[in-house]
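Me: I should like to learn how to read the features of a structural model. Please take me through them in turn.

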Amino acid sequence: MTMIIYVAVFLLLIAISVPIAFSLGISTMLAFVMTGDPLDLFAQRLWTGLNKFTLVAIPFFILAGELMGGSGILIRLLDFARLIIGRVKGGLLYINILVSMLFGGINGSAVADTSAVGSMLIPATKKEYKDPEMAAAVTAISSVVGPIIPPSLPMLIYTFAAANVSVAALFAAGIVPGILLGLSLMIVTFFIARKRNYPSDKRKYTFRQIIRILGRFIIAAILPVIMVAGIVGGVATPTEAGCIGILYALIIGFFVTRELTLKETYRALARTIIITAIVMIMIAVGNVATWWLTIQGIPADISMFFQNFTNSAALFLLFMLVLYIFIGFFIEQAAAMIMLVPIFAPLAETYGIDPVHFGIFTVLALGIGLVTPPVGICLFISSSIAKVKLHRVFVVSIPYLVAMFVVLLLITFVPQIYLWLPRMLGF
């Protein structure tokens, strides 16, 4: 009975738009009261969830991305993308996808990607193609690709929630799926651009301009290479890599591009504090909820149910795929991982599923929820920038969502296509 009330209160709070962290915290606190557990224990478990030194990496990763975003790096990535792929039909759409892949690899956040890239490319695409829905759709959809390509904030959060996989292994495994996702979106764009007869960019570049663009791009590309190579190579921990990223961003912003100001640094620090606070509250509350559910024997009951239902790892993954897609409709990616991963990651291991495989699958499956209503925060941001109705943007997004779902199926049921890389590196 307590469990039914717990779930009902949680769902009710979500339904009336109470933030996920507070919905989970209030329902868990009510469960403590109903079961007679002391509230002092509730506070203790909140602290226990945060009493991990490795969590320091989260604000460092966020701050490094924010500083790079204020250093003029996005303009350099845009110039590079225009040079590489801008002269084909619908070039701005290809540029949007490529920039999202590159910029996502720097800031590791789909939401930040949508906001930053969208504010630059959506107005330009609207003006060039007279198709604001398509501009918003491509921006939102492609932003999901960025965090799959390391460094990735969602992967960092997953490692803390799962506790059975290293962030270095996930980073190494995310490279191939990220590229596959980007290519799949470009294939869809190829057919749409030809069908709608979008114009191409006739701009020509001199050799000197090409060298200048490439040089400016290398400055931007070095940061994710340093961070990912350091972590995957075992040279630096995620926390140390985050520190290196911040130092590099400060040097580049103040002394190379000279576009990072003290005012923008203050804004980056303020945004980092806000985002970190949201994540940390969710982690703390999620730890309490997971502990209470474990004490009630819920994970054991779920494990027994699955083992009695099927011994097939493929069937288990299919069920998880449906569950993740459904959860993504209502709960944001990071919150969903903090709530679900501690329960299902150990269960996946009992089916012999590689922890790295389950991690990449989880990050992408829940990431799709960022572009599906009713939550769909990336879809909401891009439609707001484009000043069009969200449902119209979603309709235009459907071909891209189908392409992403095909890649998700490959990642889920043919993990060999990307697990070879982390295995080759010794993970």
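The dialogue below treats pockets and cavities, the core, aromatic pairs and the backbone.

Me: On what basis are the values given?

Reply: This is a predicted model, in which local features need pLDDT of at least 70 and side-chain atom pairs count only at pLDDT 80 or more, while totals for chains, interfaces and linings use all residues. Residues are numbered from 1 along each chain as its sequence is written, and side-chain values use heavy atoms, with hydrogens and water left out.

Me: How is empty space to be read, and what is the volume of the second largest pocket?

Reply: Rolling a probe the size of a water molecule over the atoms shows where empty space is left. On a 1 Å grid over the protein atoms alone, a cavity is a set of points where a 1.4 Å probe fits but cannot get out, whereas a pocket is an open set with protein on both sides within 12 Å along at least five of seven lines; lining residues have an atom within 4 Å of a point. Points are joined across faces, edges and corners, and a volume is the space filled by probe spheres set on them. The second largest pocket has a volume of about 630 Å³. Of its 24 lining residues, Val-7, Phe-10, Ile-327, Met-339 and Leu-340 are the closest to the centre. Helices here are DSSP runs (H or I, at least four residues), numbered from the N terminus. Those giving two or more residues to this lining are α1 (2-15), α13 (262-295), α14 (298-309), α15 (313-328) and α16 (333-350), and the largest share, seven residues, comes from α1.

Me: Which classes of residue make up the lining of the second largest pocket?

Reply: Ala, Val, Leu, Ile, Met, Phe, Trp, Tyr, Cys and Pro count as nonpolar, Asp, Glu, Lys and Arg as charged, and the others, Gly among them, as polar. The lining of this pocket has 23 nonpolar, one polar and no charged residues. The second largest cavity, of about 30 Å³, has six nonpolar, two polar and no charged lining residues.

Me: Which residues of the largest nonpolar core touch the most other members?

Reply: In soluble globular proteins, nonpolar side chains tend to be buried together. A nonpolar core is a set of buried Ala, Val, Leu, Ile, Met, Phe, Trp, Tyr and Cys residues joined through side-chain atoms within 4.5 Å; buried means under 20% relative accessible area, exposed over 50%, and partly exposed in between (1.4 Å probe, protein chains only). Of the 150 residues in the largest core, Ile-58, Tyr-158, Phe-316, Phe-358 and Phe-361 touch the most other members. Helix α10 (residues 167-196) gives the largest share, 14 residues.

Me: Why is the pair of Phe-305 and Phe-309 called stacked?

Reply: A pair of aromatic rings is described by the distance of the centres and the angle of the planes. Rings of Phe, Tyr and Trp (its six-membered ring) pair if their centres lie within 6.5 Å; planes under 30 degrees apart count as stacked, over 60 as edge-to-face and the rest as tilted. The count comes to 19 aromatic pairs. The ring centres of Phe-305 and Phe-309 are 6.0 Å apart and the planes at 5°, so this pair is stacked. Phe-305 is partly exposed at 48% relative accessibility, and Phe-309 is exposed at 54%.

Me: Where in the backbone is a cis peptide bond found?

Reply: The bond from Pro-150 to Pro-151 is cis, with omega near 0°. Pro-151 is in the loop between α8 (132-143) and α9 (153-162).
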